[in-house]
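I opened the model to look up the DNA contacts first, then a few backbone and burial details. My entries follow in that order.

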Number of protein chains: 2
Amino acid sequence: MRIRTPADLGTLIRSTRKKLQLDQSTLAKKIGVSRLWLVEIEKGKPRAEIGLVLRTLDALGISLNATPPESQSLNRPGSTVDIDRIVATAREPRK
Amino acid sequence: MRIRTPADLGTLIRSTRKKLQLDQSTLAKKIGVSRLWLVEIEKGKPRAEIGLVLRTLDALGISLNATPPESQSLNRPGSTVDIDRIVATAREPRK
DNA sequence: TAGCAAAGTAAGCGAACGCTTACAACTCGA
DNA sequence: TCGAGTTGTAAGCGTTCGCTTACTTTGCTA
């Protein structure tokens, strides 16, 4: 599935955890984080550490693949990247 | 390319930025972060915010796709997830 | 319905975040 | 070689992190 937001990641992590029939305490212990951290992540916490998120995906056996822009344009004629539009939806105020 | 660590992301972001012929100040301004933040990210800062990292990928036109464990086992017979090994390489001490 | 396990919420701590400003070092083209 | 542009490093600020501990709420099975 396509990952665009922290909420996408949270949903993916939660659904995969449930599929593997793990509870939050068990997974948290295996990753090496607190159960509270996992609760926040599954809810889509935007400011969590990228390193911990990648370890969580690793612990669940989820692999992450990045596709650079030129591969996309080759695969999808007419698909362009609107950088200015992305910047227009500027980072939401903190808190 | 497969993303496993914050350093993988940093390398990808830097090489894509150079391919698009953008300098750090220009990209940082478009993302809505400081140039210093981008410097740290390209060096593989493990504790950066996941939300800002996803926006950076978005700004560069890089798409991220997650593959759950069962898809992998279907596609790659014999491929197993060693959760215990992952936990064994526990999170490095902070700082 | 009841009880247990799992998940959600809250508070306060020490540590690190991303920021701005300033400057040093590097790269590259003329 | 020189100079402009780019990148790297540093300090201190206000804010937020992830943690532990404790408790509440929810979900599910008997």
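I sorted the residues near DNA strand D by class and got 12 charged, six nonpolar and two polar. For the classes, Asp, Glu, Lys and Arg count as charged, Ala, Val, Leu, Ile, Met, Phe, Trp, Tyr, Cys and Pro as nonpolar, and the others, Gly among them, as polar. I took a residue as near a strand if one of its heavy atoms lies within 4 Å of it.

This is a predicted model, in which local features need pLDDT of at least 70 and side-chain atom pairs count only at pLDDT 80 or more, while totals for chains, interfaces and linings use all residues; side-chain values use heavy atoms, with hydrogens and water left out. Residues are numbered from 1 along each chain as its sequence is written, and chains are lettered from A and ligands numbered from 1 in the order in which they are written.

I listed what surrounds DNA strand D: 20 residues, the closest being S34(A), K45(A), Q24(B), R35(B) and K43(B). Of the strand's atoms within 4 Å of the protein, 72% belong to sugar or phosphate and the rest to bases.

I then checked polar contacts (pairs of N or O atoms within 3.5 Å; within protein, one must be able to donate a hydrogen and the other to accept it, and residues adjacent in sequence count only if both atoms are side-chain atoms). S34(A) places a polar side-chain atom 2.6 Å from a phosphate oxygen of strand D, and for R14(B) the corresponding distance to a phosphate oxygen is 3.5 Å. R35(B) has a side-chain N or O atom 2.7 Å from a base oxygen of the strand. Two or more residues near strand D come from each of α3 (35-42) of chain A and α1 and α3 of chain B. With three residues, α3(B) gives the most. Helices here are DSSP runs (H or I, at least four residues), numbered from the N terminus.

E40(B) also sits in α3(B). I found it partly exposed, because its relative accessibility is 32% (buried is under 20%, exposed over 50%, partly exposed in between; 1.4 Å probe, protein chains only).

I looked at α4 (residues 50-59) of chain B next: eight of its 10 residues are buried, so the helix is largely enclosed by the rest of the structure. G61(B), which follows α4(B), has a positive phi near 80°.

Most residues other than glycine have a negative phi. Q21(A) departs from this with phi near 55°, in the loop between α1 (6-19) and α2 (24-31) of chain A. It counts as exposed because its relative accessibility is 74%.
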